Amino acid sequence: MSGGRSVTVGVASDGAAPVPGAGASELQVTAVTLEADGVISLRLRDPAGLDLPPWTPGAHLDLVLPSGLSRQYSLCGDPADRTSYRIAVLREADGRGGSIELHDLPLVGRRLTVRGPRNHFALGQHADYLFIAGGIGITPILPMIAALPPDASWHLYYVGRSRNTMAFVDEVVALGGDRVTVLPKEESARLDVARVVSAAGASTGVYCCGPASLLRAVETALDASGSGAELHAERFVPAEPKEDAAVAADTEAFEVELNRTGRVLTVPPDRSALAVIRDVLPDVPYSCEEGYCGSCEARVLAGLPDHRDDILSDEERAASKTMMICVSRARSPRIVLDL
Ligand code: FES
């Protein structure tokens, strides 16, 4: 997920999203399915069989793993199915440990704490759509293409290492037929991002999810094309470092008021608001601590945030109803949060 530059990246949360930081619930894993080499899917249900909160394509869940780690996974099932959620997990040997834990633990029957769904990658209205998915980045794209009307104009390019490591190929091909181009590196030429993107017009919505290198290539190609197409990207890693001098220097402390208790905390220049808040609220949600996962999003009740995340759109920054407390700071002496 990313903030906007010459392209528009990230879109507003959908109306179904719960209050940030609230809405934790326990869901039960009812099935684990091997979807491809190194990729499993999990089915999650309410233990009492209650309907689950609604979601829209592009939404994700925050999952609290048995170890206490918090990770985000895109929902890749059917939004009309209120009885279960489906997520998919790629085993990342060099990751931060969450995926290995999910792959290695016996999960069926286990209850996991879940927050959300939340959506910072929602599907907008466009005359036509260009989807570009890399590897496990297919997960938010799958429900997007399933949600489009039958006569919608769209094309999906799905790239991966090899066909047997690419999850949901059959599902996306069944949905799109020749509107889907599957490009496993082992058996086909690399995706010509510049050529594909150059076909996008000003009325095209470009949706991209995958590795940082793919997102970078799509952004660069779109900038070079000058097409005016709108890019919506979901990141699993932070965007490029920001060079804004105002962002670089943290010389000012500011105050955070926690609305639910009235406590006022001082955030010194060398600590994040999240770190200071965790001193008194150790259960406040967070994961990446780098401004790209959205776990720590907090509702702003008063004050002016200095947004430094890679998630909020320009419109959301201007509205400043929420902020990512792991990286964002304050432009006003005090900020009041709904915590
Ligand atoms: S912890 Fe990931 S955005 Fe703050």
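There are 14 salt bridges in this structure, which is a predicted model. I shall go through three of these pairs and then turn to a sheet that one of them reaches.

Consider Asp-104 and Arg-91, which form a salt bridge with their closest N and O atoms 2.6 Å apart. Asp-104 belongs to helix α1, residues 98-104, whereas Arg-91 sits in the loop between β5 (85-90) and α1. The two residues are 13 apart, and the pair links distant parts of the chain. Is Arg-91 buried, partly exposed or exposed? Arg-91 counts as partly exposed, because its relative accessibility is 37%, and the partly exposed class lies between 20% and 50%.

The next pair is Arg-118 with Glu-297, a salt bridge whose closest N and O atoms are 3.2 Å apart. Arg-118 lies in strand β6, residues 111-118, and Glu-297 lies in strand β14, so this salt bridge ties together parts that are 179 residues apart in sequence. Both Arg-118 and Glu-297 are buried.

A further salt bridge joins Asp-306 to Arg-308, with 2.8 Å between the closest N and O atoms. Asp-306 has a relative accessible area of 7% and is therefore buried. Arg-308 is buried as well, with a relative accessible area of 10%. As for networks, salt bridges with shared partners join Asp-62, Arg-118 and Glu-297 into one network.

Glu-297 brings us to the sheet, since it lies in strand β14. Which order do the strands of this sheet follow? The sheet is open, has five strands and mixed pairing, and runs β13-β12-β18-β14-β16. At its edges stand β13, residues 263-267, and β16, residues 322-324. Each of these has a single partner strand, so one side of each is left without a neighbour in the sheet. Direction ignored, neighbouring strands of the sheet are turned by 40 degrees against each other on average.

In general, strands of a sheet pair through backbone hydrogen bonds, in either a parallel or an antiparallel manner. Here, β14, residues 297-302, pairs with β16 in the antiparallel sense over three bridges. Within this part of the sheet, Ala-298 has Met-323 of β16 as its bridge partner.

Finally, which strands does helix α7 lie across? Helix α7, residues 273-280, lies across β12 (254-258), β13 and β18 (334-337). Relative to β13, helix α7 runs at about 140 degrees.

Conventions:
Residues are numbered from 1 along each chain as its sequence is written. This is a predicted model: local features need pLDDT of at least 70, side-chain atom pairs count only at pLDDT 80 or more; totals for chains, interfaces and linings use all residues. Side-chain values use heavy atoms; hydrogens and water are left out. Two strands pair if DSSP finds at least two bridges between them. Helices (H or I, at least four residues) and strands (E, at least two) are DSSP runs, numbered from the N terminus. Axes are lines fitted to C-alpha atoms, for helices over the stretch in contact, and angles run from 0 to 180 degrees between N-to-C directions. Contact means heavy atoms within 4.5 Å. A salt bridge is a side-chain nitrogen of Lys or Arg within 4 Å of a carboxyl oxygen of Asp or Glu. Buried means under 20% relative accessible area, exposed over 50%, partly exposed in between (1.4 Å probe, protein chains only).
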